[in-house]
Amino acid sequence: MAKSKSRMSQEVNAGSMADIAFLLLIFFLVTTTIASDKGILNVLPPKLDPNNPPPEIDKNERNIFTILVNANDDLLVEGEYRESADGLDEDIKAFVLNFGAPDEDAQALFNSLPQSLRAQAARDPESSDHPGEAVVSIKTNRGTSYEKYLEVFDLAKKAYFDIYAERVNLETAEYRTLPGNDDAEKALIDKGKEGIPMAISIAEPDKIGS
Amino acid sequence: MGKFKKKTKTSENIPTSALPDIIFMLLFFFMVTTVLREQEILVEQKIPQATQLQKLQKKTLISYVYIGKPKNTALYGSEPRVQANDALLTPADIVQWVNRERDALPEADRGMITISMKVDKDVKMGPISDVQTELREADARRVLYASVGKVVNN
């Protein structure tokens, strides 16, 4: 009795398998959002302790590269008006690598840099003393658009990444995306950064004119 | 001219027996890459472009904050608002929210919590600065400004 039943067909009908798979495929195609976790990393300063005010920092004006962005998204870079942020990365690079008045350590750092970077040192006494002292300061207004702020911040980061990458003889994009998974990569990242801290300071936005 | 003769007697059917396998392969790809959206985004999101993008190694450390103009302006007004998880927050709630997010992480990673700020292009710096002040207050100081790659023409 049971035998006769099983003899009818041994195979499962797989003809509609493709249709079922298509249905599932379309479902996942529609619901998929390919996750994008890319962005620009920033580390905020620690919160202010009212009992412990931050120490007054005595920095020479020449060691600070000031970028002001107002509510109309106009820029004031080192006291000069600019309409667009183009070329800002080159200016920051020149500022960081100026080596106007290097001390002993900075001179050693200078000597360790590759020729292409050393050639960029303008040694302008009006610009930064050495990379360890140089600070890029970005100050916005409360009415500045986020897009403009990000553009300026992006260019400041680019300037530093360009320097790091050139130092270890990589393309900027290659250096930036180094995952640092093994010791060799970590050593490469550290070698690029050594002695040149990424000093980008973001001042509290002011409230005037917003 | 003459007649066109059939040259060969090969069958004209394309073999479709491997079709299910191909489809399954595609299916598995999309199943693996899919992240089902857990929450509805209540604010507008036009992510700005940037060039110096970095990717974070550990995704579990990221918590998302969305800032933008509410989509439902009748209900929430037209001023930029902050969304975390599935509700709109006032800046004062952010510290509490950060602490909750941090408690959900394993103990060793708590110091490394990263806030991914997905901010609409048209938002001004004022609200962003307020959020950052609160994040500093909550001691969640690693911030990722989410952005998409820009095509540079040089």
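# Strands, helices and the contact between chains A and B

Trainee: What makes strand β4 (residues 81–84) of chain B and β5(B) count as a pair?

Mentor: In this predicted model, three bridges join β4(B) to β5(B), and the pairing is antiparallel. Two strands pair if there are at least two bridges between them, so three bridges satisfy the condition and β4(B) and β5(B) are a pair. Within this pairing, Q83(B) is opposite L88(B) of β5(B).

Trainee: Which are the edge strands of the sheet that holds β5 of chain B, and why are they called so?

Mentor: They are β2 and β5 (87–89) of chain B, each of which pairs on one side only. The sheet is open and consists of seven strands, in the order β2(B)-β1(A)-β7(B)-β6(B)-β3(B)-β4(B)-β5(B), with mixed pairing.

Trainee: How do you know that the pairing in this sheet is mixed?

Mentor: Strands can pair either parallel or antiparallel. β6(B) and β7(B) are joined in the parallel sense over four bridges, with T114(B) opposite R142(B) of β7(B). In contrast, β1(A) and β7(B) run antiparallel, and five bridges join them. N42(A) has V143(B) as its bridge partner in β7(B).

Trainee: Which strand of chain B does β1(A) join over two bridges, and why does that number suffice?

Mentor: The strand is β2(B), residues 54–55, and the pairing with β1(A) is antiparallel. The cut-off is at least two bridges, so two bridges are enough for β1(A) and β2(B) to be paired. K38(A) has K55(B) as its bridge partner there.

Trainee: Why is β7(B) described as largely enclosed by the rest of the structure?

Mentor: The description follows because four of the five residues of β7(B) are buried. A residue is buried if 20 or more other C-beta atoms lie within 10 Å of its own, so four residues of β7(B) meet that limit. For chain B as a whole, 29% of its 154 residues count as buried.

Trainee: How many helices and strands does chain B have, and in what order do they run?

Mentor: Chain B has four helices and eight strands. Starting at the N terminus, the order is α-β-β-β-α-β-β-α-β-α-β-β. Helix α4 (residues 125–137) of chain B lies across β3 (62–68), β4, β6 (114–119) and β7 (142–146) of chain B, at about 150° to β3(B). An angle over 145 degrees counts as roughly antiparallel, so α4(B) is roughly antiparallel to β3(B).

Trainee: What is the strand order in the open sheet of chain A?

Mentor: The order is β4-β3-β2-β5-β6, five strands with mixed pairing. Its edge strands are β4 (80–82) and β6 of chain A, each pairing on one side only. From one strand to the next, the twist averages 20°. Strand β3 (residues 75–77) of chain A pairs with β4(A) in the antiparallel sense over three bridges, and V77(A) is opposite E80(A) of β4(A). Helix α6(A) packs on this sheet and touches β2 (64–69), β5 and β6 of chain A, its direction making about 175° with that of β5(A). Helix α4(B) lies across β5 and β6 of chain A, at about 115° to β6(A).

Trainee: How many residues of chain A are in contact with chain B?

Mentor: There are 44 residues of chain A in contact with 47 residues of chain B. On the chain A side, α2 (17–31), β1 (38–43), β5 (135–141), α6 (146–167) and β6 (200–206) each supply at least two residues. The greatest contribution to this side is that of α2(A), with nine residues. By class, the side has 22 nonpolar, twelve polar and ten charged residues.

Trainee: Why is α2(A) called roughly parallel to α1(B)?

Mentor: Packed helices are described by the angle and the distance between their axes. Helix α2(A) packs against helix α1 (residues 19–33) of chain B at an angle of about 20°, with the axes 9 Å apart. Angles under 35 degrees count as roughly parallel, so α2(A) and α1(B) qualify. The crossing of α2(A) past α1(B) is left-handed.

Trainee: Which residues of α2(A) meet α1(B)?

Mentor: They include F22(A), L25(A) and F28(A), and the residues they meet in α1(B) include I23(B), L27(B) and F30(B). By class, the contact of α2(A) with α1(B) has 16 nonpolar, no polar and no charged residues.

Methods: Residues numbered from 1 in each chain as written. Chains lettered and ligands numbered in written order. Predicted model: local features only at pLDDT ≥ 70, side-chain atom pairs only at ≥ 80, totals over all residues. Contact = placed C-beta atoms within 7 Å. Nonpolar A, V, L, I, M, F, W, Y, C, P; charged D, E, K, R; others polar. Axes fitted to C-alpha atoms, helices over the stretch in contact; angles between N-to-C directions. Parallel < 35°, antiparallel > 145°, perpendicular 65-115°, else oblique. Left-handed = near helix turned anticlockwise from the far one by under 90°. Buried ≥ 20, exposed ≤ 12 C-beta atoms within 10 Å, placed from the backbone.
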